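Dear colleague,

I am passing on the structure we spoke about, and I would be grateful if you could keep it open while you read. My notes on what was found in it follow directly below.

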Amino acid sequence: MPQLEVKNIETYYGPIMAIKGISFEVEESSIVTILGANGAGKTSVLKTISGVMEPEKGTIEFMGKRIDHLDPDKIVRMGISHVPEGREVFHDLTVKENLAMGAFLRRDKDGMARDLETVHAYFPVLEARRGQLAGNMSGGEQQMLAIARALMARPKMLLLDEPSLGLSPVLVKEIYDIIKRINEEQKTTILLVEQNAWMALSTAQFGYILELGRIVMADPCDELMENEDVREFYLGIKEESVRGSKRWKRKKRWR
Amino acid sequence: MLVEILQTVLSGISIGCIYGLVALGFVLIFKATEVINFAQGEMMVIGAFIAYSLITMLNLDYWLALLITILALGLFGMLLERFVLRSLIGEPVFAIVMLTIGLGYAIRSGVSMVPGWGTDTYGFHTPFTDKNLHYGDLVISWEQVSVILMTLVLIIVLFCFFRYTRMGIAMRATSQNQLAAVYMGISVNRVFSLTWTISAALGGIAGILLAPFTFVHMNMGFIGLKAFPAAVLGGFGSIPGAMVGGVIIGVTESLSGVYLPEGWKDIAAYIILILVLMLRPEGLFGIQEKKKV
Ligand SMILES: Nc1ncnc2c1ncn2[C@@H]1O[C@H](COP(=O)(O)OP(=O)(O)OP(=O)(O)O)[C@@H](O)[C@H]1O
Ligand SMILES: [Mg+2]
C-alpha cells in the first residue's frame with residue numbers, strides 16, 4: 001500500500017478549478033516529483049494535501065487514513081510537513097525561533113534537541129546564525145531554514161514546493177544533495193514539486209507531469225528523461241536533427 | 001521650580017503608562033488580526049467597574065480584586081473573540097472595525113444599565129491612596145509610583161511571554177506570516193483567541209490603574225482617544241513603541257497642562273503625533289514590515 005494515495009481530487013479557488021481530477025501515489029521512503037509549468041497547479045496540489053485547501057471531490061489517504069478534510073494541524077501531527085513555495089520563513093523571528101516553530105506541536109524535549117542537532121548537521125550555517133533574524137538571511141539560507149524548520153516536526157513525509165526557486169545552480173545542487181541525504185538517512189518520503197525538471201528528474205525515482213490541473217504523464221524518472229516531449233518541453237533539449245523541418249507544427253503529443 | 005517640573009513629569013509618566021497599556025491592547029490585536037479594536041477603551045470601563053464592585057461592595061482586598069478583574073476581562077475578551085469576532089473572519093476589515101465601534105457603544109450602555117453601576121461617578125481605595133513619599137520639597141504620590149511600577153512588571157511579563165514561551169513565539173510568528181504558521185500546525189483561532197484575551201485583560205488592568213485619577217465612570221474609556229495616538233506614535237506594531245508613545249504623550253500633556261494656556265493640554269497629544277509623523281511617517285519604532293497572509 002502506498003504511503004500517500006490521492007484519488008480524483010478537484011480543488012477550486014472560488015469558481016476557478018485549479019485541480020481537475022488528479023490521482024497519484026507516493027511510496028514510503030521514496031522521492032516522487034510533480035513537474036509542471038507556471039500555473040499548472042503544483043502548489044495547489046500540495047496545499048490540498050497539507051489541508052490548507054479542501055478538495056471539492058476526491059480523497060486523500062495517508063498511511064491508510066483519510067486526511068482530505070482534516071485541519072492542517074492534524075495533518076502535521078500525522079507526519080506531513082510542508083515547505084512552501086518562496087520559503088515563507090518568519091522574517092522577524094531568529095533562526096532558532098523559526099526552528100522552534102517547526103516543532104510547535106511537539107512536547108518531547110529530548111527528541112527535539114536530538115532533531116535540532118541532526119538539522120544543524122545538515123545545515124551548519126543555521127547553527128552559526130542561530131541568533132540572526134531569518135529575514136536578514138540570503139535566499140539560499142532561507143531555503144535551508146525552511147527545510148530545516150519542516151524537519152523539526154520529524155515528518156514522515158516532506159512536501160517540497162520548488163526548493164530551487166531563485167537560487168544559483170551551485171546552491172540548487174547543494175540543496176538537492178541534502179534533500180537526497182535526508183531521504184536516505186532519515187527515510188523521509190519526499191514529494192517534490194518543481195519547474196527545474198532536470199534537478200527533479202535526476203533526484204526522484206518516479207515523476208508525474210502536470211498540465212493545467214491534470215496529470216498527463218506518469219513514469220519512472222529515467223523513462224521520463226528519455227521521453228522526447230519531456231526532453232523538449234521540460235528539459236529544453238531540442239532534437240533538431242531528427243525533427244528539424246517539422247519543428248514548426250510540433251505539438252505536445254499528450255494534448 | 002525644579003520640584004514642580006519633576007512632579008509634573010512624574011504624573012505625566014504615570015498617566016502615560018496607562019495610555020501605553022491601552023495602546024498595547026490596540027497594537028496586539030492589530031498585529032494579529034489587522035483589526036483596530038475601538039472598544040479597547042471600554043475594556044477599561046468594565047475593568048474599573050468590576051474592581052469597584054469587588055472592593056467597595058464586597059470589601060475584597062485590592063490585590064485579590066485586581067486578580068479577579070484580570071481573569072474576568074480575559075474571559076470576556078476570549079468570549080468576544082469566540083462568539084462575535086470569529087464569525088466575521090473573512091469579512092472586510094473595515095466592517096469588523098465598525099463592529100468594534102458599535103461594541104464600544106453597547107458596552108457603555110450595558111454598563112449604565114447594571115444596577116449599582118449606572119451613569120454615576122465612583123471611586124475606590126487602593127493600598128496607595130493618600131500615601132506620599134517626601135524628598136525635601138519633592139512630594140511624590142505613591143499612587144503615581146505604583147502605576148509606573150505595575151506597568152513595568154506587566155511589560156516584563158509580556159516581554160518574557162513573547163520572547164521565551166512557545167505560545168508567545170507562535171503569536172509573533174502568526175502575526176508575521178499566517179500561512180506559514182498554519183503549515184507549522186499553529187492554530188490561528190487559538191492565537192486570535194489568546195490575543196483578545198490578553199488585550200482585554202490589559203484593558204482591565206489599565207482601568208483599575210486609571211480609576212484613582214479619573215474615578216470610575218462609564219465614559220472613562222474615552223481615554224482611548226489619547227491611547228490611539230500613542231500607538232500610532234510608537235509605530236502601531238511595536239510593543240515598546242506603544243509604551244514609549246504613551247509616556248511621551250502623557251508627559252507632553254501634563255507639561256502643557258501646567259505651563260501652557262488652557263486648552264493646549266487636550267490637543268497636545270495630537271500636535272506631537274502630527275509632528276512625529278511629519279518627521280518619521282512610520283512612527284518612532286515602526287519598520288516597514290512586509291506582511292504576508
Ligand atoms: N489565490 C488564488 N486565487 C485564484 N486563483 C489562483 C490562486 N492561486 C492560484 N490560482 C490559480 O490556480 C492555478 C494553479 O495555481 P498554482 O499556484 O497551483 O500553480 P503552480 O503550478 O504552483 O504555479 P507556479 O509554478 O507558478 O508556482 C493557476 O491557474 C492559478 O492562476
Ligand atoms: Mg507554485
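Helices here are DSSP runs of H or I with at least four residues, and they are numbered from the N terminus. Please bear in mind throughout that this is a predicted model.

With that naming, the ligand site comes first. The largest share of the shell around ligand 1 is contributed by helix α1 of chain A (residues 42-49), which supplies three residues. The shell has 13 residues, and those that come nearest to ligand 1 are Asn38(A), Lys42(A), Thr43(A), Ser44(A) and Glu85(A). Polar side-chain atoms take part in several of these approaches: one in Ser44(A) lies 2.4 Å from an oxygen atom of ligand 1, an N or O atom in the side chain of Lys42(A) is 2.6 Å from a ligand oxygen, and for Glu85(A) the corresponding distance to an oxygen atom of ligand 1 is 2.8 Å. Ligand 1 on its own has 630 Å² of accessible area, of which the protein covers 63%.

The salt bridges may also interest you. Side chains of opposite charge can pair when their charged atoms come close. Counted with a cut-off of 4 Å between a side-chain nitrogen of Lys or Arg and a carboxyl oxygen of Asp or Glu, there are 13 salt bridges over all chains. One of them joins Glu10(A) to Lys57(A), with the closest N and O atoms 3.6 Å apart. Because Glu10(A) belongs to strand β1 (residues 4-13) of chain A and Lys57(A) to strand β4 (residues 57-62) of chain A, this pair ties together parts that are 47 residues apart in sequence. The two partners differ in their cover, since Glu10(A) is buried at 16% relative accessibility, whereas Lys57(A), with a relative accessible area of 49%, is partly exposed.

Two further pairs sit within helix α7 of chain A. In the pair formed by Lys173(A) and Asp177(A), the closest N and O atoms are 3.0 Å apart; these residues are four places apart in helix α7 (residues 169-186), and so they are separated by about one helical turn. Arg181(A) and Glu185(A) form the other salt bridge, at 3.2 Å between the closest N and O atoms, and they too lie in helix α7 of chain A, four residues apart, or about one turn of the helix. An α-helix has 3.6 residues a turn, so residues three or four places apart point the same way. As for cover, Lys173(A) is partly exposed at 45% relative accessibility and Asp177(A) is partly exposed at 32%, while Arg181(A) counts as partly exposed at 35% and Glu185(A) as partly exposed at 46%. Elsewhere in chain A, salt bridges link Arg106(A), Asp108(A), Asp115(A) and Arg154(A) in a network.

Turning to chain B, how far apart are the end C-alpha atoms of helix α2? They are 26 Å apart, which agrees with the 26 Å that 18 residues (40-57) should span at 1.5 Å a residue, because the expected span is 1.5 Å times one less than the number of residues. This helix is mostly covered, with 16 of its 18 residues buried, and just after α2(B) comes Asn59(B), which takes a positive phi of about 60 degrees.

Chain B also carries a nonpolar patch on the surface, formed by Leu260(B), Trp264(B), Ile267(B), Ile271(B), Ile274(B), Leu275(B), Met278(B) and Leu279(B), with about 820 Å² of accessible area together. Among these residues, Ile274(B) is placed in helix α11 (residues 264-279) of chain B, and at 51% relative accessibility Ile274(B) counts as exposed, because the threshold for that class is over 50%.

Two buried residues of chain B complete these notes. Ser254(B), in helix α10 (residues 239-259) of chain B, is buried with a relative accessible area of 10%, and a polar atom of the Ser254(B) side chain lies 2.6 Å from the backbone oxygen of Thr8(B). Arg108(B), in helix α4 (residues 93-113) of chain B, is likewise buried, with a relative accessible area of 10%; Arg108(B) and Trp264(B) are 156 residues apart in sequence, and their C-alpha atoms are 28 Å apart in space.

With best wishes

Note on methods. Residues numbered from 1 in each chain as written. Chains lettered and ligands numbered in written order. Predicted model: local features only at pLDDT ≥ 70, side-chain atom pairs only at ≥ 80, totals over all residues. Heavy atoms only, no water. Buried < 20%, exposed > 50% of the residue type's maximum accessible area, 1.4 Å probe, protein only. Patch = residues over 30% accessible without salt bridge, like charges linked within 9 Å, V, L, I, M, F, W, Y side chains within 5 Å. Areas by Shrake-Rupley, 256 points an atom, 1.4 Å probe, with all protein chains shown as cover. Near = heavy atom within 4 Å. Polar contact = N/O pair within 3.5 Å; in protein donor to acceptor, adjacent residues only side chain to side chain.
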